[in-house]
Amino acid sequence: MPTYRDEGVVLRTHKLGEADRIVTLLTKGHGKVRAVAKGVRRTSSKFGARLEPFMVADIQFYEGRSLDTIQQAETIASYGADIVDDYPRFTAASVMVETADKVTELEGSPQQYLLLVGALRSLSRQEHPTELTLDSYLLRALSLAGWAPTFDSCARCGEVGPHESFVVQLGGMVCVKCAPPGAPHIVPDVVLLLDALVRGEWDAAEAHTQQNWSKASALVSAYTQWHLERTLRSLEHVAK
Amino acid sequence: MYDGIVQELIDELGRLPGIGPKSAQRIAFHILQTESFDVSRLSSVLVEVREKVKFCEICGNVSEEVTCGICRDPRRDPTFICVVEEAKDVVAIERTREFRGLYHVLGGAISPIDGIGPDDLRIRQLMTRLADGTVMEVIIATDPNLEGEATATYLSRLLKTLEIKVSRLASGLPVGGDLEYADEVTLGRAFEGRRTVS
Ligand SMILES: [Zn+2]
Ligand SMILES: [Zn+2]
């Protein structure tokens, strides 16, 4: 019987048939896996809440032709209850898992897995403000996928900055010569904030004003949408 | 792939929720090969159900009239409203005989990843119903899974602004499942032991 075992975080679930679910997981070593959890919606299910979104579990899979089947699941960490307790946290976590789903479309990596688990853990423990945790996750997930934004030198010609315009389509800050007409100017403080978020320098990021947080959020959203080449459905539901 | 009309039937069946390609194929061949299977009966029921069954204007439950049997029943206590995700949850709760108030069917649960936010559910209609001060307690009976909990969190945050008691079904319900699968005894107990959230 071809089976394998890995740890994974549940990104989303779909109802299947009477009482089953298809569970989409980002695993540490096998990238993204879609697997069937049989009978999981029955209240007598042995899986209980172990295969709900945001759960981290140690899972044994049985390899199938089109879909794998989950044989066993043991909880490693359960962030769902603390996340769902607060509506803005829940919407932020939803954007995180949807982004993780998209950036690992072609190939997952242990780094993407660890980044997501770390972000969900931090969110559930309220270590940092919810919006900053989300923005930092988005910037880092995109960076790991090869779309790191450029802040110091011009994203197009490489001229050393500081520069004033941020152009999503060009990949970050650009110099005066490269900036298309009407490119939005950004105050230097917001650039510093974005840079702190990419690096995970929380003290620096939290010291900024709420107004700068919002400006940074808008840029991060636009940057994320552009690079994922489609709309993140959960992003428009983010609660403030 | 099958030819023409057979494939069309499989495709149509496959569009139904919970039916994968394999099940669609199995049902299609059952219809084709089982002589005793009454095709005209099925097709007329399908047409009829679309024509006759509507959703109650007040609570969103399925109904053959403008308002459903529960909303029209004068013996029901209008000071209690139980909020559920789907009409099938009304059936599950009615089976317990534990609840004598009225219902409000949301039409699903909040699930941002599927693009379903509060505005896509019948939440505004709920707020309208609560406006006249008749209702004393709102019992949130969304599914005991993540989306159900998120919907309950959203609703209790929203209802906090009103002077109405808000409660949530007791956590005796196994977590992760659908409400419709809870047995009567467990579901009944969950009603008795509901906890106040605001
Ligand atoms: Zn340049
Ligand atoms: Zn009704």
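Biologist: How much area is buried between chain A and chain B, and what share of it do carbon and sulfur atoms give?

Modeller: In this predicted model, about 2,400 Å² is buried between chain A and chain B, and carbon and sulfur atoms give 58% of that area. The contact joins 33 residues of chain A to 25 residues of chain B.

Biologist: Which side chains meet in a salt bridge across this interface?

Modeller: A salt bridge here calls for a side-chain nitrogen of Lys or Arg within 4 Å of a carboxyl oxygen of Asp or Glu. The rule finds one across the interface of chain A and chain B, where the side chains of B:Asp114 and A:Arg12 meet at 2.7 Å, N to O. On the side of chain A that touches chain B, strand E1 (3-16), helix H1 (80-84) and helix H2 (87-103) each supply at least two residues, and the largest share, seven residues, comes from H2(A). By class, that side of chain A has 13 nonpolar, eight polar and 12 charged residues.

Biologist: What are the protein donors of the zinc ion (ligand 2), and what geometry does its site have?

Modeller: Ideal angles for four tetrahedral donors at a metal are 109.5 degrees. Here the donors are the SG atoms of B:Cys56, B:Cys59, B:Cys68 and B:Cys71, lying 2.2 to 2.3 Å from the zinc ion (ligand 2), and the angles of 105 to 117° among the four donor atoms make the site tetrahedral. Along the chain, the donors follow the spacing C-x2-C-x8-C-x2-C. B:Cys56 lies in the loop between strand E1 (54-55) and strand E2 (62-63) of chain B, whereas B:Cys71 lies in helix H4 (residues 69-72) of chain B, so the pair ties together parts that are 15 residues apart in sequence.

Key
Residues numbered from 1 in each chain as written. Chains lettered and ligands numbered in written order. Predicted model: local features only at pLDDT ≥ 70, side-chain atom pairs only at ≥ 80, totals over all residues. Heavy atoms only, no water. Contact = heavy atoms within 4.5 Å. Buried area = accessible area lost by both parts, 1.4 Å probe. Helix = DSSP H or I, 4+ residues; strand = E, 2+ residues; numbered from the N terminus. Nonpolar A, V, L, I, M, F, W, Y, C, P; charged D, E, K, R; others polar. Donors = N, O, S within 2.8 Å, 3.2 Å for Na, K, Ca; no water. Tetrahedral: all angles 85-135°; square planar, octahedral: opposite > 155°, others 65-115°.
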